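The following report walks through one protein chain and the ligand it is modelled with. Please keep the sequence and the coordinates at hand while reading.

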Amino acid sequence: MDFGSTEEDKLIRDNAREFVQKYVIPKRDSFSYTKKIPDEIIQRAADAGFIGFTVSEKYGGAGGTVSQMAAIVEELARGDVSMALPVYVLLLNGWPSMLEKYGSEEAKQEILPSIVKGKTYFGIGSTEPSGGSDVMNEKSNATKKGKVWSVSGEKVYISGVREALNLPGGGGFLTLLRTGEKSLASKAFTSFALMIKGTDGKLRKEISTTLFDNIAREGLSTGGFSFSNLDLDDIYRVGEIGQGFHIIMEGFNIARIYVAAACNGAALEALDMGREHLRTRILFDQPLGKQEGLQFELSELYGKLESSRLLTQKAAWTLDRVYKNKERVPLSEQNLAVSLAKMTGPPTAHDIITKVMIWHGAMAYTKDLPLGAAQGGVMSYYIGAEGGINIMKLIIARELLGKEFLNYKSG
Ligand SMILES: Cc1cc2nc3c(=O)[nH]c(=O)nc-3n(C[C@H](O)[C@H](O)[C@H](O)COP(=O)(O)OP(=O)(O)OC[C@H]3O[C@@H](n4cnc5c(N)ncnc54)[C@H](O)[C@@H]3O)c2cc1C
């Protein structure tokens, strides 16, 4: 398999690695267990071009490829294994690229340059209390009233609510809303760029927000927002009426690659720590790594991680064929490549981090090591963020067996 890494690709990865060594590793502890990524790091990540890296130059981005972005995210996760910074950066690439592809020129001019400068947050608002996996049953809705849409509903477990409230340029979410009857199935949804603050810089009075007390990845918030009879100008509609479900699914395909890359990065760092520990920890008068039982574990984990990285690279390369080379790649091929990467990345990383914790003994149970933070960070993607592992399996089975084998409506 030739994924066609160019000199430019290598430079971009090296640049991200240097960034991590210089700015992220020294502050790693403060990422793991505090409730904020330092402002200075967000600004440096923006200045380095990582935020909105895949946004085109017209709006201030670098027009980078999916493979390049996946490499950046993997490197960032090697530095911040709690996953807060890589997830922040990955979300602010995946979802702005959907706004750029489908949004109105006015909305793009207003939002994209500010995202790239690190001043505005833009994530995804899909999940509702009725269940994130069952997107087709979501109830938040939009009704056309002349030139504006009246929108009402509630989104929960949304990454970046605190950041959208606190950043100088505010923030918002590519928000999926019901605009048609249930009988229209996936065509009953339209997506909108719902910015939670008004032009006065204050939270809109029709919106209220909540924050969850997460078990990990605390540097990036998870919260909710509800909105009642909020007027949204038609310029904030993203894509055609009825196209929202498919736009969100397209965005998930891009974001899932970055998610897998982030998990691989955290696992790479954990495995490096594990190797160092096996070399240097003396027990029973010899290095722990002399125990063949542990050598076998190391070899198996290394193989699993390499497999996961290859799947992720293949998925990124597949989407580069679509977005960079403008090739017609069947959607089933894209879905298969992406879902395999997302099905494999989080569990592999979780297994590796857990095993490395066990190798470390009691010290892994303290916050002196970032392994607990890494395990919790990766768990967010095991549990469900950007789609649960079982949902990836259902997508893979759908592509292997055919839609008629699904016992639910997939759009
Ligand atoms: C840290 C974090 C950040 C998040 N950030 C965002 C965000 O920014 N934006 C956003 O929109 N959402 C976000 N989410 C929500 C995420 O998308 C959902 O967790 C996910 O879609 C699953 O939805 P749910 O949590 O409601 O679980 P449910 O949908 O209730 O599913 C529960 C479990 O059942 C499994 N399951 C579901 N259906 C089936 C089936 N047919 N067969 C077998 N198993 C099944 C799922 O895989 C899951 O393990 C975030 C979640 C977390 C944990």
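Is strand β1 (residues 121-125) mostly covered or mostly uncovered, and how many of its residues are buried? In this predicted model, β1 is mostly covered, with five of its five residues buried. The strand runs parallel to β4 (residues 171-178), and five bridges join the two; within this pairing, Gly 123 of β1 stands opposite Phe 173 in β4.

**The chain as a whole**

The protein chain contains 12 helices and 10 strands, and buried residues make up 50% of its 411 residues. Its radius of gyration is 21 Å, which agrees with the value near 22 Å that a compact globule of 411 residues would have. Measured out along the principal axes, the C-alpha trace spans about 80 × 50 × 40 Å. Among contacts in the chain with a separation of 6 or more, 74% are accounted for by residues 24 or more positions apart.

**Domains**

The domain assignment divides the protein chain as follows.

| Domain | Residues |
|---|---|
| domain 1 | 7-116 |
| domain 2 | 122-238 |
| domain 3 | 246-405 |

Between domain 2 and domain 3, the C-alpha centres lie 29 Å apart, and 12 residues of domain 2 are in contact with 12 residues of domain 3. On the side of domain 2 that touches domain 3, the residues divide into six nonpolar, five polar and one charged.

**The ligand shell**

Where does the ligand lie with respect to domain 2 and domain 3? Because both domain 2 (122-238) and domain 3 (246-405) give residues to the shell around the ligand, it lies between them. The shell holds 24 residues, of which Gly 132, Ser 133, Gly 384, Gly 388 and Asn 390 come nearest to the ligand. Two or more residues are given to this shell by each of β1, β3 (148-159), α11 (371-383) and α12 (389-401), so that the covered strand β1 described at the outset returns here as one of the contributing elements. Which element gives the most to the shell around the ligand? That element is α12, with four residues. By residue class, the shell around the ligand divides into nine nonpolar, 14 polar and one charged.

Methods: Residues numbered from 1 in each chain as written. Predicted model: local features only at pLDDT ≥ 70, side-chain atom pairs only at ≥ 80, totals over all residues. Domains from an automatic or database assignment. Contact = placed C-beta atoms within 7 Å. Nonpolar A, V, L, I, M, F, W, Y, C, P; charged D, E, K, R; others polar. Buried ≥ 20, exposed ≤ 12 C-beta atoms within 10 Å, placed from the backbone. Pairing = 2+ DSSP bridges. Rg over C-alpha atoms; globule rule 2.2 N^0.38 Å. Near = placed C-beta within 6 Å.
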